[in-house]
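Trainee: Could you walk me through this one? I'd like to know what stands behind each term.

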Amino acid sequence: MSHALQDQRPVRAPKSPAPASLTRGGLPRWAPTGIAVVSVALGCGAGLVFGLHSKIQWGLLAALLFVAITYTASAVVENRRQAKDRVATSLVWVCFVLAVIPLLSLMWTTISRGVKVLDGDFLGHSMNGVTSFEEGGGVYHALLGTLEQVALATLIAAPIGLLTAVYLVEYGRGGLAKAVTFFVDVMTGIPSIVAGLFILTTWNLMLGFGPSGFAGAMALSILMMPVVVRSTEEMLKLVPNELREAALALGVPKWRMILKVVLPTAIGGIATGVMLAVARIAGETAPIMLLVFGTQLINGNPFEGAQSSLPLYIWEQYKVGSEASYDRAWAAALVLIAFVMILNLVARGIARWKAPKTGR
Amino acid sequence: MAKRIDVSGLSAFYGTHKAIDDISMTVEPRSVTAFIGPSGCGKSTFLRTLNRMHEVTPGGRVEGKVLLDDENLYGAGVDPVAVRRTVGMVFQRPNPFPTMSIFDNVAAGLRLNGSFKKAELADIVEKSLKGANLWNEVKDRLNKPGSGLSGGQQQRLCIARAIAVEPQVLLMDEPCSALDPISTLAIEDLIGELKERFTIVIVTHNMQQAARVSDRTAFFNLSAVGQPGKLIELDDTDRIFSNPSVQATEDYISGRFG
């Protein structure tokens, strides 16, 4: 049977003759590192010789040299297929480095400038009675405001977003689900200032409430909701259908199946998504300016009176333009970054703790 | 305990596509009935209509009657959740809940359906795991995740989970197709024990398996791709494999196809 099949097939001569030996010349394992060092050195050297002022030009030169040298060396020592492979790998590395450099530079600038005035006093005091040009004062009122506004916004947006995602994945069929998906997509694109203006017209102007942390939190929740819906939706879609069927086949009602099987399976991803959404809104300034108004005093009640928040504080301090206020702005920026980073670490911790376990 | 299944004039659809056409058969209580037939002939679809899992698939729709001891599963006012508690199911691929331990997996059906006392739950879990011949292998690590077991153990865990809720009927959709011969043997032995208590319906592609485990065998076929599947014949397993009354059945089981 199989012989007959093989005989019918036309025998095609292979395009390239089979290699006589399976071994071939190869670059040593340290080659990529070595080439990287050499090309950085060459890039810097060329930059000095030709008097290029911008360090960016040095870097780009080094990156180009790295890719070019890798290709040439590999094409000479190895073969063309290997050379292409190495070029692809080196391009990935170059892109990675290009992406990381701004991040590291931002971290370095913020940390080096921010630590100057960052201490317990800075974290524990407000700007009450401190004029903008003086040294001293602190970020306590802004930190408190950010914490309360973000917590309120999460309390509003996370349940609504979660339930919307559950509806879309588990129940949504036909026109309504399509409409919801469409409007969530539209919401993703709402500029933060527009969300702020919306709350300003409805809550403050039409209903007559004054500025408060809660008004800001409502605007933030508008920004947060689509992000939560989108990420939760993706996570729920990742839950294997077999698990849903297994639960249903045990005679479990659908709502209970979602609550006890689908959501626990996806909880790690959902928590990460919510935390990323929190991180996104923690840095919003525009709606806070419009709705929370800003103050130099400590106001622990988010439902009444103006509050402050970290991004708003940074902007205020920057606007003053004195040496002392610049220092405060950088320190507040560092506090904000640390706040977001801690949230991210918490999310990762939850994800790891709750993730489906595979150990024996 | 075990119940008899009486199917009459049953057709199942996916949207507008008719997957199985006008099937009538009777499944006796405390027996093993095997479904054989080529892929796509609707065996699994038919199996899933027996505990109303077919309608979980988007667009899934059923016409006809399935009587479980004179009660129509598709009658007005019948709760599909109650049906699935009575008619349990084991799937092709082992699917233990990844977030739950071995104990919780077996207890899942009970816990999700209502609260049980802890001691009572432990009893049921032990009984079910023993019933699935898994107790000795896992009794020291009941709190470890169920997904850490081997494929065959996972499948027996799923069987334990299905029998823990004490169903009347157990449907098995190719339960051994992802398993090695030794695990398959373990499951087949288990089926032999379980039929003392349950009515068992098993879909299989392995004809030796059908011959080994079942009392009665049903052969399904479809006239062409895209056509709905039909029940060709249902008879005692001995007769199907020695002297079937329809030529198509003999062609299929002897490997002479079409």
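Mentor: Happily! Let's start with A:Met224: apart from neighbours within four places in sequence, its contacts are A:Ala153, A:Ala157, A:Ala277 and A:Ile281. This is a predicted model, where local features need pLDDT of at least 70, side-chain atom pairs count only at pLDDT 80 or more, and totals for chains, interfaces and linings use all residues. Residues are numbered from 1 along each chain as its sequence is written, with chains lettered from A and ligands numbered from 1 in the order in which they are written.

Trainee: What makes A:Ala153 a residue in contact with A:Met224?

Mentor: Two residues are in contact if their C-beta atoms, placed from the backbone, lie within 7 Å. A:Ala153 is listed for A:Met224, so this pair meets that cut-off.

Trainee: Why is A:Met224 said to belong to a nonpolar core?

Mentor: Such a core is a set of buried Ala, Val, Leu, Ile, Met, Phe, Trp, Tyr and Cys residues joined through C-beta atoms within 7 Å; buried means 20 or more other C-beta atoms within 10 Å of a residue's own. A:Met224 is a member of the largest core, of 144 residues, so it counts as buried. Along with A:Ala332 and B:Leu170, A:Met224 touches the most other members.

Trainee: Which helix gives this core its largest share?

Mentor: Helix H9 of chain A (residues 213–238), with 15 residues. Another core lies apart from it, with six residues, including A:Ile35 and A:Leu61.

Trainee: How many residues does each chain bring to the contact between chains A and B?

Mentor: Chain B brings 24 residues and chain A 20.

Methods
A residue is buried if 20 or more other C-beta atoms lie within 10 Å of its own, exposed if 12 or fewer, and partly exposed in between; C-beta atoms are placed from the backbone. Helices (H or I, at least four residues) and strands (E, at least two) are DSSP runs, numbered from the N terminus.
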